[in-house]
Amino acid sequence: MTQKLNRHGIPVRTAHNAALAALAADLPSPILADVTGTRRHIALRWVAYARCDWAE
């Protein structure tokens with residue numbers, strides 16, 4: 001499926017990361033880990049990344 005989407009110009013990895021960042025902005029890390037099937041420390045990193053203050 002990834003190859004077919006890439007052939008049509010849909011970058012799967014970029015879309016995956018954008019979707020994960022959007023979820024991480026709205027969900028606490030334990031729930032994100034359960035929903036996505038990732039480890040909790042990975043989900044914690046995504047949540048920290050999504051809530052980063054870009055003002056600096």
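Student: How far does helix α2 reach from its first C-alpha to its last?

Tutor: Good place to start, and keep in mind that this is a predicted model. Helix α2 runs over residues 12-26, which gives it 15 residues. At 1.5 Å a residue, 21 Å is expected, and the reach in the model is close to that, at 22 Å.

Student: Which residues of α2 are buried?

Tutor: Buried here means under 20% relative accessible area. In α2, that description fits L20, A21 and A24. They cover an arc of only 100 degrees around the axis, which puts them on the same side of α2. In general, an α-helix has 3.6 residues a turn, so residues three or four places apart point the same way. The buried residues of α2 are therefore on one side, and their names are L20, A21 and A24.

Student: What do the buried residues of α2 pack against?

Tutor: Look at the helices that follow along the chain, with residues 29-36 in one and 40-50 in the other. A21, one of the buried residues of α2, touches W46 and A50 when residues up to four places away in sequence are not counted. Taken together, the buried residues of α2 pack against α3 and α4.

Student: Which residues does R51 contact, leaving aside its neighbours within four places in sequence?

Tutor: R51 is found in the segment after α4. Its C-alpha atom is separated by 9.1 Å from that of A21, although the two are 30 residues apart along the chain. Heavy atoms within 4.5 Å count as contact, and by that rule R51 is in contact with A24, A25, D26 and L27.

Student: Which residues of α3 are exposed on the other side from its buried ones?

Tutor: Begin with the buried residues of α3, which are S29, L32 and A33. They cover an arc of only 100 degrees around the axis, which puts them on the same side of α3. What covers these buried residues includes α2 and α4. On the other side of α3, the exposed residues are D34 and V35.

Student: Which residue forms a salt bridge with D34?

Tutor: Side chains of opposite charge can pair when their charged atoms come close. The cut-off for a salt bridge is 4 Å, and the closest N and O atoms of this pair are 3.9 Å apart. Both residues of the pair are exposed, and the count comes to one salt bridge. The partner of D34 is R40.

Student: Which residue just after α3 takes a positive phi?

Tutor: Step just past the end of α3 and check the backbone angle phi there. The value is about 80 degrees, and the residue is G37.

How values were computed. Residues are numbered from 1 along each chain as its sequence is written. This is a predicted model: local features need pLDDT of at least 70, side-chain atom pairs count only at pLDDT 80 or more; totals for chains, interfaces and linings use all residues. Side-chain values use heavy atoms; hydrogens and water are left out. Helices (H or I, at least four residues) and strands (E, at least two) are DSSP runs, numbered from the N terminus. The expected span of a helix is 1.5 Å times one less than its number of residues. Buried means under 20% relative accessible area, exposed over 50%, partly exposed in between (1.4 Å probe, protein chains only). The arc is that of the directions from the helix axis to the C-beta atoms. A salt bridge is a side-chain nitrogen of Lys or Arg within 4 Å of a carboxyl oxygen of Asp or Glu.
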